[in-house]
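Good morning, and thank you for joining. I would like to take you through one protein model, moving from its overall dimensions to its sheets and then to a single residue.

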Amino acid sequence: MTDDGSRSEFAYIDWLRRQTPADPRVLLGPGDDAAALALTPGVPCLVTTDMLLEGSCFRLAEAGPRRVGRKAMSVNLSDIAAMAGRPVAAVVSVGLPRRGGRPLAEELYRGLREVADAFDTALVGGDTNSWDGPLVISVTLLGEATPRGPVKRGGARPGDWLLVTGPLGGSILGKHLDFTPRVREALALHETADLHAMIDVSDGLAADVNHLCEESRCGAVLRAEAIPISDAARGMNDGRPALEHALGDGEDFELVFAVAPADGERLLRAQPVAGITLHHVGECVEAGLWLEEAGQRRALPPKGYVHEF
C-alpha cells in the first residue's frame, strides 16, 4: 500500500461510488453491507451468475481489461436474454492480481459500465480482493420477467421448429469478447411469437440444443445446409470443416429457440426483429440428437465446451 492508501480496497470502493450514478431502482447501492433494490411487485426475479477466469475465458494480455469487463457483463446479460427477461442490476466480485491491480480494476469497471449502461443495468455493489494469482471476475445479474413470463429451456415439443438469431462458429477470433447480448432481440421475439423454449449458444450449437432437448424431454434434428456459418468459422485454418466450428465452437451468444411451425413460418417471412436474420436450422423430434446432411441423417454428438474438473 502507498502512504496515501490509494491502492487500498477502500480507496477503490470510494472511487467506484463516485463513478456510479444514482438509479431510482437502487434504494441502497455500494457502501452498505448489502444493496437494496426496488423490484416490481408480483414479477418473477431472474438471477444468473457467471465467473470468468484468466487463462480459460480470456487472455488478459491480448484482450485488455476493458474488453474483459465488457465480456463479463455481456455473458450474464445473454443469460437474461435467453429467458426473454429485462436486466435490472448487477453485483461484481473481482480477484485482482496484486501487481497493477488498481489501474486494471478501473479499466474493468469502465468496460462493465459501458455494457451495463447500454442495457439499463445498475451496478449496485460486489466484492474486491487481491491475490497472487491471475484475474478472476464474477458477475451476478438480477432481471425481471416480462408479463408473458420467463422463457425456459423446457417447453419444446416434437414438431417445433428450431430457429437461431445469427451466424455461428469461429468466436475465438474475436466475437467471444466483442458480442452484443441479444436482450432486445429476445424481448421483441417474445412479444411477436409464442416461444416454447430458448437458450443462448454459449457452449456450442449442438451442445446447447442438446441442453434444451434434455430439459424439454424431446430430441432434435439439425439440418447442415441450413445452419448459418460465420465468416470467422469459414476462415479458420485448423483443418476442421466450417460446419464443425458452427456446431461446436461456443461463445457465439446467439439465441436458439423453439416455436410452432406456423410461428416459425411467419417469423422467417416477416423477419420482424431489426438487426438480425432468423434462420430455421431444424426441428424437434421425439428423441435423439441428429444431423441431416445431403439427405442423410446421422447421430450428432453434443460436442461443445465443457469445464473439466
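**Overall dimensions**

The accessible surface of the protein comes to about 14800 Å², and 51% of that area belongs to carbon and sulfur atoms. Please keep in mind throughout that this is a predicted model.

How many of the 309 residues count as buried? The proportion is 50%. Along its principal axes, the C-alpha trace spans about 70 × 50 × 35 Å. The radius of gyration is 21 Å, and a compact globule of 309 residues would have a value near 19 Å, so the two agree.

Turning to the elements, the protein contains ten helices and 13 strands. Let us also consider how contacts are distributed along the chain. Of the contacts between residues at least 6 apart in sequence, 84% join residues at least 24 apart.

**The four-stranded sheet**

I shall begin with the sheet of four strands. This sheet is open, its strand order is 3-6-4-5, and its pairing is mixed. Its edges are formed by strand 3, residues 45-53, and strand 5, residues 122-131, each of which pairs on one side only. From one strand to the next, the twist averages 15 degrees.

As a general reminder, the strands of a sheet pair through backbone hydrogen bonds, in either a parallel or an antiparallel manner.

Which residues of strand 6 stand opposite those of strand 3? Strand 3 and strand 6, the latter comprising residues 136-145, run antiparallel and are joined by nine bridges. Cys 45 stands opposite Glu 144 of strand 6, while Leu 53 faces Val 136 in that strand.

Strand 6 also pairs with strand 4, residues 85-97, in the antiparallel sense, here over ten bridges. Within that pairing, Val 94 has Ile 137 of strand 6 as its bridge partner. Is strand 6 mostly covered or mostly uncovered? It is mostly covered, with eight of its ten residues buried.

**The seven-stranded sheet**

The next sheet is also open, with seven strands in the order 8-10-7-11-9-12-13 and mixed pairing. The edge strands are strand 8, residues 197-200, and strand 13, residues 296-299, and each pairs on one side only. Ignoring direction, neighbouring strands of this sheet are turned by 25 degrees against each other on average.

Within this sheet, strand 7, residues 161-164, and strand 11, residues 279-285, run antiparallel and are joined by four bridges. One pair to locate on the display is Val 164, which stands opposite His 279 of strand 11.

Which helices lie across these strands? Helix 7, residues 205-216, lies across strands 7, 8, 9, 10 and 12, and runs at about 145 degrees to strand 8. Helix 10, residues 261-270, lies across strands 7, 10 and 11, at about 30 degrees to strand 7.

**A single residue: Ser 74**

I shall close with one residue in a helix. Ser 74 lies in helix 3, which covers residues 65-82. Why does Ser 74 count as buried? Its relative accessible area is 3%, and the term applies to values under 20%. Setting aside neighbours within four places in sequence, Ser 74 is in contact with Val 115, Phe 179 and Pro 181.

Thank you for your attention.

Note on methods. Residues are numbered from 1 along each chain as its sequence is written. This is a predicted model: local features need pLDDT of at least 70, side-chain atom pairs count only at pLDDT 80 or more; totals for chains, interfaces and linings use all residues. Side-chain values use heavy atoms; hydrogens and water are left out. Two strands pair if DSSP finds at least two bridges between them. Helices (H or I, at least four residues) and strands (E, at least two) are DSSP runs, numbered from the N terminus. Axes are lines fitted to C-alpha atoms, for helices over the stretch in contact, and angles run from 0 to 180 degrees between N-to-C directions. Contact means heavy atoms within 4.5 Å. The radius of gyration is taken over C-alpha atoms; the globule rule is 2.2 Å times the number of residues to the power 0.38. Buried means under 20% relative accessible area, exposed over 50%, partly exposed in between (1.4 Å probe, protein chains only). Accessible areas come from the Shrake-Rupley method with a 1.4 Å probe; for residues, only the protein chains shown count as cover.
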